Amino acid sequence: MPIGVERLKKRAEFLRVASVRRKWAAPGMVLQAARDKSPGRPDVVRVGFTVTKKVGNAVVRNRIKRRLRAVAQEIIPAHADSGWDFVLIGRAKTKDRKFDELKSDLCTALGKVGATASPRRSAQ
């Protein structure tokens, strides 16, 4: 059964994920992860996206967020374990990195933070 993907939107949610200090930096992105303690969402993963102003102007930052959303939409439902909150932070290299490399970065980061789904669900 595939998991649902929802969005993190409030600043407090982003800060809670950052406060757990479980993260992995890849060339194309930084992944922060935290277990979602709220009851009632057993098959849901929540994902937030952010890019700092150091990376570029609004056009560049929005392009990076669109690329991260596309990668997350492909990878998270198939490879992430349910019950997690993730924040994907865009980096300067995200803009020019190949899409397949971004997908590989996210898969690796999920494994490094311990949020990879069991093999039987990814095989479906």
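Trainee: Quick one to start: what relative accessibility does D81 have?

Mentor: D81 sits at 23%, so it counts as partly exposed. Buried is under 20% relative accessible area, exposed is over 50%, and partly exposed is in between, with a 1.4 Å probe and protein chains only.

Trainee: Hang on, what kind of model is this, and how are residues numbered?

Mentor: It's a predicted model, so local features need pLDDT of at least 70 and side-chain atom pairs count only at pLDDT 80 or more, while totals for chains, interfaces and linings use all residues. Residues are numbered from 1 along each chain as its sequence is written, and side-chain values use heavy atoms, with hydrogens and water left out.

Trainee: Cool. How many helices and strands does the protein chain have?

Mentor: There are 4 helices and 5 strands. Going from the N terminus, the order is β-α-β-β-β-α-β-α-α. Those are DSSP runs numbered from the N terminus: H or I with at least four residues for helices, E with at least two for strands.

Trainee: And how much of the chain is buried?

Mentor: Out of 124 residues, 40% count as buried. The chain exposes about 7,300 Å², and carbon and sulfur atoms supply 51% of that. The areas come from the Shrake-Rupley method with a 1.4 Å probe, and for residues only the protein chains shown count as cover.

Trainee: Back to D81. Which side chain does it meet in a salt bridge?

Mentor: That's R35, at 3.6 Å from N to O. The two come from distant parts of the chain, 46 residues apart: D81 is in the loop between helix 2 and strand 5 (84-90), and R35 is in strand 3. R35 is partly exposed too, at 37% relative accessibility.

Trainee: What's the cut-off for calling something a salt bridge?

Mentor: You need a side-chain nitrogen of Lys or Arg within 4 Å of a carboxyl oxygen of Asp or Glu. In general, side chains of opposite charge can pair when their charged atoms come close. By that rule this model has 9 salt bridges.

Trainee: Which residues are linked in a network of them?

Mentor: E13, R16, D36, R46 and D85. Take D36 and R46: their closest N and O atoms are 3.9 Å apart. D36 is in the loop between strand 3 and strand 4 (44-50), R46 is in strand 4, and they're 10 residues apart.

Trainee: What about R46 and D85, how far apart are the closest N and O atoms?

Mentor: 2.8 Å. That one ties strand 4, where R46 is, to strand 5, where D85 is, across 39 residues.

Trainee: Is D85 buried or exposed?

Mentor: Buried, with a relative accessible area of 0%. R46 is buried at 9%, and D36 counts as buried at 15%.

Trainee: OK, new topic. What does L31 touch?

Mentor: Not counting residues up to four places away in sequence, its partners include W24, F86, V87, L88, L106, A109, L110 and V113. A contact means heavy atoms within 4.5 Å. L31 is in strand 3 (residues 29-35) and counts as buried, at 0% relative accessibility. Its C-alpha is 9.4 Å from that of D105, 74 residues along the chain.

Trainee: And Q32, what is that in contact with?

Mentor: Leaving out neighbours within four places in sequence, the list includes V17, A18, D85, F86 and I89. Q32 is also found in strand 3, and it's buried at 13% relative accessible area.

Trainee: What share of the contacts is long-range, 24 or more positions apart?

Mentor: 82% of the contacts with a separation of 6 or more.

Trainee: Anything odd in the backbone? What's phi of R21?

Mentor: It's near 65°, a positive value in a residue other than glycine. R21 is in the loop between helix 1 (11-20) and strand 2 (22-25), and it counts as exposed at 75% relative accessibility.

Trainee: Last thing: which residues gather in the positive surface patch?

Mentor: R7, K9, R63, R66 and R69. Helix 2 (residues 58-79) supplies the largest share, 3 residues. R7 comes from strand 1 (residues 4-7) and is partly exposed at 43%.

Trainee: What makes a patch, then?

Mentor: Residues with over 30% relative accessible area and no salt bridge, where like charges are joined within 9 Å and nonpolar side chains (Val, Leu, Ile, Met, Phe, Trp, Tyr) within 5 Å. Lys and Arg count as positive, Asp and Glu as negative, and His and the chain ends are not counted. The charge is placed at NZ of Lys, CZ of Arg, CG of Asp or CD of Glu.
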